[in-house]
Amino acid sequence: MTEEMIGKSVKRLKALEKVTGNAMFVHDMEVQGMLYAKMKLSPHAHAKIVNIDTSKAERLPGVWTVLTGKDLPYKVGLYLVDKDILAVNKVRYQGEPVVAVAAESEEIAEQAIELIEVEYEKLDAVLDVSDAVKEDAPLVHENIEELESAPVFFPKPGTNIAHHTKIRKGDVDKGFEEADYIIENEFDLPMVDHTAMETHTSIGQWKPGKKVKLWTSAQSPFAVRNLLANGLHLNHEDIEVTVPYVGGGFGGKAGIHFEPLVTCLSRASQGRPVKITMSRMEEFNSVPVRQGLFSRLKTGVTKDGKIVAQETEFLWDSGANADYGVNVTRAAATAGAGPYEIDNVKLDSKTVYTNKIFGTAYRGFGHLEILWAVERQMDLVAEEIGMTPYDFRMKNALRRGSVTITGEHIGDSHGKVTECLEAAAKEIDYDNRSSEDLEEGKKRGKGIALLHKAPAMPTNTGTAAFLKFNENGSVNLTVSLVDYGQGTYTALAQIVADQLNMPVEKVNVVFEQNTDTQPYDWQTVASKGLFMSGNATIKACQDMAQQLKEVAAQPLRASVEDLIIEDEKVKIRHHKDQYVTFKELAMGYTYPNGNGIGGPLVARGNYIAQGLSNIDPETGQGHPALDWTYGAHAVEVIVDEETGEFEVKKIASAFDAGKVINESNVIGQIQGGVIQGYGSAVMEGYQFSDEGRLLTNSFTDYKVPSIADIPELTPIIIENAQEDGPYGARGVAEHPMISVPPAVANAVQDAIGVQLKEMPVIPEKLFELIEEKKNK
Amino acid sequence: MKTINLTVNGRDFQLDVKDNEILLDTLRKKLNFTGAKEGCGEGECGACTVIMDGRAVTSCIILSVEADGSELETIEGQSIGEEISDIQEAFIEENAIQCGFCTPGMVMSAKALLDRNPNPSDEEIDIALSGNICRCTGYYSIRDAVRRAAEKKGGNK
């Protein structure tokens, strides 16, 4: 049965509810007596709030509550507690919520917002990270040393630097002395929006006795509960967070967002439930994004192509808050050399505050950003030293016996990035790059880029699973991982079916999440869901199997060791015709005379990340990685050498998934991820005016890929098992997005020789570079 | 306020709407057809797609008064009890669903296409669905699902 169930493309759970429009998202929910919230947003990037006049709004019939920052003396945040619920004293970005209203209808709330007058005194804004790190830069947060933070983050007093991760390996000066070539480049990329199709939406209800009930479109019900409890000084057991169907997340719904606001609005509205739903424009303006990144890389290489030293600086544009951004800075730094072995490394990664919408987790968690720089640098170096990008990567790639920049030894349980590269390159016929078949002026180019990423999470991250039997011998699995499209619940159902040797149709994974009834899970992030919850589920199944056997042993008059589980039955190993069915055991076994034994069966399993340690604050040495997933993209482009217009003809993407549990869902993650990465590569990016006003705040101005934009794509799955992963599996959810942009840019460079260092890759920029090259 | 008549999934409704009320709100809030979603409110994402007199429209930029007297089809009309349409079946079989938020709109755009062109080329599928954004799937499985649905409906290929 194992062969049949694991790796099979079992149909996605809850697909029927979704395809019939029956699935209920928070977007669709109404609660009796519900009020509607709207926010007044800051028009300025940086300004002192001189006065707020809410009197007219308060008098408008139908308005229940008007709140300003002064009413909410709380800070919230995940790793660095730096977020106000509404701006206090000053605004730090255009789009920051300043006043909130709860009213009987959305229309009345909107009218009330119009009646509120806010007087500002503009302050100097800092919009660029390079300016923000200067000594005389305006400060986004004045007293960052007073902010509460997780003990592994270090805000630098008197600066805009919210955190600085240092990685030191070997002796970088000595390394550069050994180098025959030293090549230095700078790279840049803009902020990018998640654009989950369901915008952020939450309903909060304040209950007597300082209790709170929340329905929210969130990735992590327990993180919402924990951060709300900490932020508003409430007890965990008094907060009930429900997460129904979630319309996409991609990191944007990790951590906490508008839950504290609706809670406070409800409290001030006599406990009426309050709902807030972001309009798409608010989603662009006021909901956090993927951070921008400025990178500087200096690489020392020997004549035969061995990288001997690398000095790296990452300046993360975290915008006005860094509650999550500090950990992007840290996590991405630990992967900051790319999947290569370099003996001498000095890497500095800094979270920098600016007066823009703030950053948060986004699929890839900093790795798309750093690998834009690393993988472009690899091609620039390869060109300089006269090696092919393929050979140069193969020479330096991590392999068994390599030591990473944080001191981790690559062993048998790791995946193989070289196999990914080989497979992807082969798929696009990498060595054949002739343009002879093309019309004049068109050039074919082929590019490759590697990637790696481990989950970014606390070293003691844990999760749990409950399993219970139903009367008919079916089971319910309960976890607190949220399946907002990844398909993880389907894979978990397959694991249960395999472990308990029963049909997958009889495994129900409880879909709606609720912190009162579900076991704990830290967060649904980091591509660790199947790994961690899969292991917890296996343990719950083992617990259940043991219980089934212990009860069955009595009527079967056999010892537990002699029993096996097969076809929904507990059987005597050598007398398989003697058995008790799951159904007979589910609620307690009943003897013919009416005597009952056992009782309703419930089982549990948990899992905690093992052997992980925090990195040393001065050297970055430590073991922060649960598992590394490796991958490679290979891209074929055809570029017009005059205009810079180009067409991506084909992408091949290979990932070492360890072991596939559900093939069609892995393919789904690859296809969806690659296209999200493709959006970053060729069209997406926030643009701001000189005053810090967001210019790209609608789907008209901020384009994401449509079905008409997608190139041919071949997903490739490689399976080198991860020892501690469930069945050998490792996460592959974020990875497909990473390194798509450099693969495209590398292919363009291969075609027409221009060296693009700024994302996205668009014809306008290529045209400029073509002209520059001509004029040289 | 104006009184309008709508036929939704074959059922007749008469109701009062405000002059500036949009069809999506009428469907979702007054008639409780919540399958169509608001993803952008400006006709750019397709999550609110319904079929109006045979054409796929983004109901978030149509005034309810404009829809007076029209026949509407929504996702709720595509299944009866356990029975789902060929298109819906194809979406499940091709795993063309991830988070599910864009799915009702996608299915309705696909239906409008296949109703007028039972055997579309890939290019025709892409044109018909290019106004529907899906951030999860990368669209490959959706294209496959529409193709498969066409086959089920007896288009050649």
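Modeller: Domain bounds here come from an automatic or database domain assignment. The model itself is predicted.

Colleague: What makes up domain 1, domain 2 and domain 3 of chain A?

Modeller: Domain 1 joins 2-21 with 461-608, domain 2 joins 31-123 with 200-277, and domain 3 joins 292-457 with 613-775. Each domain is thus written as two segments of chain A.

Colleague: How do you know that domain 2 of chain A and domain 3 of chain A are in contact?

Modeller: A contact needs C-beta atoms within 7 Å. By that test 19 residues of domain 2 of chain A meet 21 residues of domain 3 of chain A. On the domain 2 side, eight residues are nonpolar, seven polar and four charged. The C-alpha centres of these two domains of chain A are 36 Å apart.

Colleague: Why is chain A called as compact as a globular protein of that length?

Modeller: For 776 residues the globule rule gives 28 Å; the radius of gyration of chain A is 27 Å, close to that value, so the description holds. The chain contains 19 helices and 33 strands. Its C-alpha atoms occupy a box of roughly 95 × 70 × 50 Å along the principal axes.

Colleague: What share of chain A counts as buried, and what makes a residue buried?

Modeller: The test is 20 or more other C-beta atoms within 10 Å of the residue's own. Of the 776 residues in chain A, 60% pass.

Colleague: Why is the set of 306 residues called a nonpolar core?

Modeller: Because its members are buried residues of the listed nonpolar kinds, joined through C-beta atoms within 7 Å. This set of 306 residues is the largest such core, and A37(A), V101(A), V744(A) and V748(A) have the most contacts inside it. Helix α15 (residues 529-556) of chain A provides the largest share, twelve residues. In soluble globular proteins, nonpolar side chains tend to be buried together.

Colleague: Which residues is V748(A) in contact with, leaving aside neighbours within four places in sequence?

Modeller: They are G445(A), V637(A), V639(A), F646(A), V754(A), L756(A), V761(A) and L766(A). For chain A as a whole, 78% of contacts between residues at least 6 apart in sequence join residues at least 24 apart.

Colleague: How many residues does the contact take from chain B and from chain A?

Modeller: Chain B gives 42 residues and chain A gives 41. On the chain B side, α2 (86-93), α3 (103-116), α4 (122-129) and α5 (140-152) each supply at least two residues. The most comes from α5(B), with four residues. That side of chain B divides into 20 nonpolar, 15 polar and seven charged residues.

Key. Residues are numbered from 1 along each chain as its sequence is written. Chains are lettered from A and ligands numbered from 1 in the order in which they are written. This is a predicted model: local features need pLDDT of at least 70, side-chain atom pairs count only at pLDDT 80 or more; totals for chains, interfaces and linings use all residues. A residue is buried if 20 or more other C-beta atoms lie within 10 Å of its own, exposed if 12 or fewer, and partly exposed in between; C-beta atoms are placed from the backbone. Two residues are in contact if their C-beta atoms, placed from the backbone, lie within 7 Å. The radius of gyration is taken over C-alpha atoms; the globule rule is 2.2 Å times the number of residues to the power 0.38. Ala, Val, Leu, Ile, Met, Phe, Trp, Tyr, Cys and Pro count as nonpolar, Asp, Glu, Lys and Arg as charged, and the others, Gly among them, as polar.
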